[in-house]
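Here are my notes on this model. Please read them with the structure open beside you.

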Amino acid sequence: MQSTILILCLAFSLSAWSQGPEAQLGQISFQENALRADLALILKEAKLDPKVIQVQFLADHPDQSVRVQCAHDQLTLTVHAIPGERVATFYKGMRQLGFLFPHPLKQISPTLEIMKLGCNHTYHWKPATKIRGFHLHTLHPNEWVHGFFMGKAHIAEAYVRWLARNNQNALDVSLLRLPLEEIEKQFTPIFKLAQSLEIYTGVSLGIALHQQKSYKLLSLLESITGWGASKKIHSGIKNLYKALPLNFMVLEMGTSEFTPTDFDKSLEWMNTSAETANALHTTVFTKVHVSTNQWNKKFGNFNFLPQHASKSLGVWPHTVMFYGLLDPSAPMYGNKDFSYIKIFTMEEKKKRPTWYYPETSYWVGMDDDIPL
């Protein structure tokens, strides 16, 4: 899994574990024209001739590679790759030529002389994980809120291109409590761009989450009484998939990260969500938090409730701040460490789609003393 070398306001990395059931993600409509348009932007920024690099894609090949050939002052990159890895394989070649993209607004460009050092070489691409990308936690104020929800589409588009250029292939964004028509208008062109660059798109939302203006499927009354809740969840998920070009969806359980909903009702809602996603040939995940003091005699830890749900329901085990699964000490939210999350992850990945979801930055705990 690749990591960022800059601070992103609450952008969390994610990757899929390589064993066990895989998520149904549907199709992503790779478009050569979208990649060529991005290449043109890169060459313009580098102040290079727009024809200095040509690219061609040959038949699918399990041995993913990019071959660099040169004629005079023109380089041709020939890509062999399976669907889903064509863009990443191409950018593997670009990186080998000296192009680097440390920030959505920053590009490091080689000279033509440096690029030509890669002539007549073949570079192979083998990602560490099948799914690799970032979750944008737009429940907190940051630049991604402007990019996805406030009409500053160029910010979101730059981020999508940055993901593709860095061989990432998944993007998840927390939905805010806005009319679906408004979300559809702003998200659709950005997500279509992402899919054209072989990036799987997803959104995070709550079933009954009342925290931080999150988009949610149930009202407060429905989440307490359960009246008509399953039907509302079913229609809410279908409406989101109808409105947006989505490959997956991530649900928050509970009314907040620290307060559960009724355990039996929550399990029913998880199964309803999984059944709805199955019918749409896609996958719904639920986040697995490290919060404590949510316990039930029948089911145990509320955060681990997904282990009792349909095996088509995916999980996102989550660790917070800079602490990981193997750290001997992780004194957060009443925990000594996160070893129990590791145990849960290793068990569940045998049964259901499992994507690990660590934080890569945390302004709440670390940047409070920085003036806005």
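1. Start with burial. This is a predicted model. Of the 372 residues of the protein, 56% count as buried. To be counted as buried, a residue must have under 20% relative accessible area.

2. Next, the contacts along the chain. Take the contacts in the protein with a separation of 6 or more. Residues 24 or more positions apart account for 73% of them.

3. Now the secondary structure and overall dimensions. The protein has 11 helices and 16 strands. Its radius of gyration is 22 Å, and the globule rule gives 21 Å for 372 residues. Those two values are close, so the protein is as compact as a globular protein of that length. The C-alpha trace spans about 75 × 45 × 45 Å along the principal axes.

4. One helix pair deserves a look. Helix H1 covers residues 32–45, and helix H2 covers residues 86–97. Their axes come within 12 Å and cross at roughly 20°. Angles under 35 degrees count as roughly parallel, so H1 is roughly parallel to H2. The crossing of the two helices is right-handed.

5. Which residues of H1 and H2 make the contact? On the H1 side, find Leu35, Asp38, Leu39 and Ile42. On the H2 side, find Val87, Phe90, Tyr91 and Met94. Sorted by class, the contact of H1 with H2 has seven nonpolar residues and one charged residue, with no polar ones. Asp counts as charged, so Asp38 of H1 is the charged residue in that contact.

Conventions
Residues are numbered from 1 along each chain as its sequence is written. This is a predicted model: local features need pLDDT of at least 70, side-chain atom pairs count only at pLDDT 80 or more; totals for chains, interfaces and linings use all residues. Side-chain values use heavy atoms; hydrogens and water are left out. Axes are lines fitted to C-alpha atoms, for helices over the stretch in contact, and angles run from 0 to 180 degrees between N-to-C directions. Helices (H or I, at least four residues) and strands (E, at least two) are DSSP runs, numbered from the N terminus. Angles under 35 degrees count as roughly parallel, over 145 as roughly antiparallel, 65 to 115 as roughly perpendicular and the rest as oblique. A crossing is left-handed if the near helix is turned anticlockwise from the far one by less than a right angle, and right-handed if clockwise. Contact means heavy atoms within 4.5 Å. The radius of gyration is taken over C-alpha atoms; the globule rule is 2.2 Å times the number of residues to the power 0.38. Buried means under 20% relative accessible area, exposed over 50%, partly exposed in between (1.4 Å probe, protein chains only).
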